Amino acid sequence: AYGRLLEKYFKFLIENIFRGSTITFGETGGADAIVEYGNFVFIIEFTTEYYRLFSLYNPKAEGFLEDAYRILFNTGKNDLKLKGTERVKKDKGKLIKLNNYIQASNYPGKTIILVLVTENAIGNHDLLNEFDSFYSKEIVDKQLTNLKKNTPLFLSLDDLETFWGLFNPEIGRSVV
């Protein structure tokens with residue numbers, strides 16, 4: 001129930017930030033939101049999956065990287081790289097999904113911006129690469145060629161809330 005409530009809140013924020021834009025929500029598959037805003041198309045994936053407290057407060061990075069892999073790069077329920085962490089969800093990792101969405105999209109002449117929105121901040125590709133090039137290695141290993149060309153933005157719900165408060169869609173820029 002908590003996850004569904006956050007998904008509704010995510011939709012609320014997207015609808016209010018991009019008022020007047022064409023917005024498609026993917027309840028039956030596809031990206032969680034696709035927003036056509038002028039010459040831009042935002043392909044947005046949202047997740048409420050999070051890092052375990054154990055992995056955040058452990059002096060070793062292994063737990064952190066296992067959680068990052070589970071959230072971002074896992075290949076599904078039978079992914080052997082999950083090291084005994086049973087995966088109940090059959091979903092693939094969020095970055096694999098974003099890679100596939102951009103491949104399936106057809107927006108000629110428009111700039112596509114990939115966005116991963118998480119409930120809590122999880123860092124970004126630069127932070128993940130600080131751990132033995134974790135992000136770059138997974139992009140290469142999984143052959144996520146679309147993510148090489150279009151590096152996704154990593155945002156949290158807090159980032160969306162802040163942006164909503166500062167953005168005026170009528171003039172297309174910040175009100176500050």
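**Start at Ser 105**

Select Ser 105, in the loop between α4 and β4. Helices (H or I, at least four residues) and strands (E, at least two) are DSSP runs, numbered from the N terminus. This is a predicted model, in which local features need pLDDT of at least 70, side-chain atom pairs count only at pLDDT 80 or more, and totals for chains, interfaces and linings use all residues. Residues are numbered from 1 along each chain as its sequence is written, and side-chain values use heavy atoms, with hydrogens and water left out.

Now show the side chain of Ser 105. It reaches the backbone oxygen of Ile 102 at 2.8 Å. Leaving out residues up to four places away in sequence, Ser 105 touches Ile 43 and Ile 112. Contact here means heavy atoms within 4.5 Å.

**Step to Ile 43 and the cores**

Select Ile 43. Beyond its neighbours within four places in sequence, its contacts include Ala 31, Leu 98, Tyr 101 and Leu 114. Ile 43 also belongs to the largest nonpolar core, which has 28 residues. Such a core is a set of buried Ala, Val, Leu, Ile, Met, Phe, Trp, Tyr and Cys residues joined through side-chain atoms within 4.5 Å. Buried means under 20% relative accessible area, exposed over 50%, and partly exposed in between (1.4 Å probe, protein chains only).

Add Leu 72, Phe 73, Leu 95 and Leu 128; with Ile 43, they touch the most other members of this core. Colour β3 (40-47), α3 (62-72), α4 (94-104), β4 (111-118) and α6 (134-141): each supplies at least two of the core residues. Then find the second, separate core of 17 residues, with Phe 10, Ile 14, Phe 18 and Val 115 among them.

**Along helix α4**

Select α4. Which of its residues are buried? They are Lys 94, Leu 95, Ile 96, Lys 97, Leu 98, Asn 99, Tyr 101 and Ile 102. That is eight of eleven, and the helix is mostly covered. These buried residues pack against β3, α3, β4, α6, α7 (145-149) and β5.

Pause at Lys 97, within this helix. Lys 97 is buried, with a relative accessible area of 17%. Its side chain makes a polar contact with the side chain of Glu 45 (3.4 Å). A polar contact is a pair of N or O atoms within 3.5 Å; within protein, one must be able to donate a hydrogen and the other to accept it, and residues adjacent in sequence count only if both atoms are side-chain atoms.

**Across the sheet**

Show the strands. Five of them form an open sheet, ordered β1-β2-β3-β4-β5, with mixed pairing. Two strands pair if DSSP finds at least two bridges between them. β1 (22-25) and β5 (153-156) stand at the edges with a single partner strand each, so one side of each has no neighbour in the sheet.

Zoom in on β4 and β5, which pair in the parallel sense over four bridges. Val 115 stands opposite Leu 153 in β5, and the bridge partner of Thr 118 is Ser 156. Which way do the β5 side chains point? They alternate: Phe 154 and Ser 156 point to one face and are buried, while Leu 153 and Leu 155 point to the other and are not.

**Last stop**

Select helix α8 (residues 157-166). It lies across β3, β4 and β5, at about 85 degrees to β5. Axes are lines fitted to C-alpha atoms, for helices over the stretch in contact, and angles run from 0 to 180 degrees between N-to-C directions.
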